[in-house]
Amino acid sequence: MGDYWEQRFSSEGMIWGKSPSRTAYHALEIFKEHHVQSVLVPGSGYGRNTKAFSSIFDVEGIEISTEALAIAEEWDPDSRFIQGSCLEPILPNKTYDAVYCFDVLHLFLAKERKQLIENCLHHLNPSGLVYFTCFSDQDKNYGVGAKIEEGTYEYIQGKYAHFFSEKDLLQHFSQLQILETGSCKEILNYNDHSTKEYHLRYIVGRKIQKVNHDEP
Ligand SMILES: C[S@@+](CC[C@H](N)C(=O)[O-])C[C@H]1O[C@@H](n2cnc3c(N)ncnc32)[C@H](O)[C@@H]1O
């Protein structure tokens, strides 16, 4: 998958323009209410969404594409970016108050989706927050193309995505206290001035603190 993104960022640059997703501003308000100070952004691309956070929080992005990282470092110098896979523990001992992950979860098959969520939780402080967005089963591409796994379709030749129902999304995050879920339309403005509309779902959850029953 790395090659696909490398080629796209190399030929299209800031693919989805400069404006952050509306969900980034929604997450920002929730993070402020919960006194978040540090945010991890897995699959941060060229920094379109980190820039909504970086004047307020301490922000770190993890991104697989070196082409995207080169743009991100110029576009959002207030965030720090790490090259690597968000499926791996990048900095084993580093933890954050919140994770914001925009449209990355649906790129993976079931095993890797689980790995991504576990890795994010590993990097989250006790009572930390997650805000994830993903493709919805209400999107027009749901059910289009070859079925790869339950809910996952090759909707463009050579490119698949998982389309989430509300129930499926809740199951993915069943180990968290869920604060909010919802649906929204995302209108992406491409560099060539074309636009595309996607139906997304989002979920906001809090890491549940483990109670140590051995303590007196
Ligand atoms: C649909 S784009 C979303 C980009 C970004 N979140 C945004 O909204 O601008 C998916 C991003 O995930 C990155 N990506 C894909 N697989 C990854 C992985 N295993 N680790 C880190 N980043 C990854 C891609 O390079 C791309 O930047």
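The following conversation concerns the ligand and its surroundings in a predicted model.

Visitor: Where does the ligand sit?
Guide: In this predicted model, the ligand occupies the largest pocket.

Visitor: How many residues surround it, and which are the closest?
Guide: The ligand is surrounded by 18 residues. The closest are Gly 43, Asn 49, Glu 63, Cys 86 and Phe 102.

Visitor: What does Glu 63 offer the ligand?
Guide: An N or O atom in the Glu 63 side chain is 2.5 Å from an oxygen atom of the ligand.

Visitor: And which residues lie by a nitrogen atom of the ligand?
Guide: Ser 85 places a polar side-chain atom 3.1 Å from a ligand nitrogen. Phe 102 has a backbone N or O atom 3.1 Å from a nitrogen atom of the ligand.

Visitor: How much of the ligand does the protein bury?
Guide: The protein buries 95% of the 590 Å² that the ligand exposes when taken alone.

Visitor: What is the make-up of the shell?
Guide: The shell around the ligand comprises 10 nonpolar, 5 polar and 3 charged residues.

Visitor: Changing topic, which feature does UniProt place at residues 42-132?
Guide: The unreviewed UniProt entry gives "domain: Methyltransferase type" for residues 42-132.

Visitor: How far apart are the end C-alpha atoms of that span?
Guide: The end C-alpha atoms of residues 42-132 are 10 Å apart, and the span is 30% helix and 30% strand.

Conventions
Residues are numbered from 1 along each chain as its sequence is written. This is a predicted model: local features need pLDDT of at least 70, side-chain atom pairs count only at pLDDT 80 or more; totals for chains, interfaces and linings use all residues. Side-chain values use heavy atoms; hydrogens and water are left out. A residue is near a molecule or strand if one of its heavy atoms lies within 4 Å of it. A polar contact is a pair of N or O atoms within 3.5 Å; within protein, one must be able to donate a hydrogen and the other to accept it, and residues adjacent in sequence count only if both atoms are side-chain atoms. Accessible areas come from the Shrake-Rupley method with a 1.4 Å probe; for residues, only the protein chains shown count as cover. On a 1 Å grid over the protein atoms alone, a cavity is a set of points where a 1.4 Å probe fits but cannot get out, and a pocket is an open set with protein on both sides within 12 Å along at least five of seven lines; lining residues have an atom within 4 Å of a point. A molecule sits in a cavity or pocket if more than half of its atoms lie within 2 Å of its grid points. Ala, Val, Leu, Ile, Met, Phe, Trp, Tyr, Cys and Pro count as nonpolar, Asp, Glu, Lys and Arg as charged, and the others, Gly among them, as polar. UniProt positions are given in the numbering used here, feature names are shortened, and annotations may be inferred rather than shown by experiment. Helices (H or I, at least four residues) and strands (E, at least two) are DSSP runs, numbered from the N terminus.
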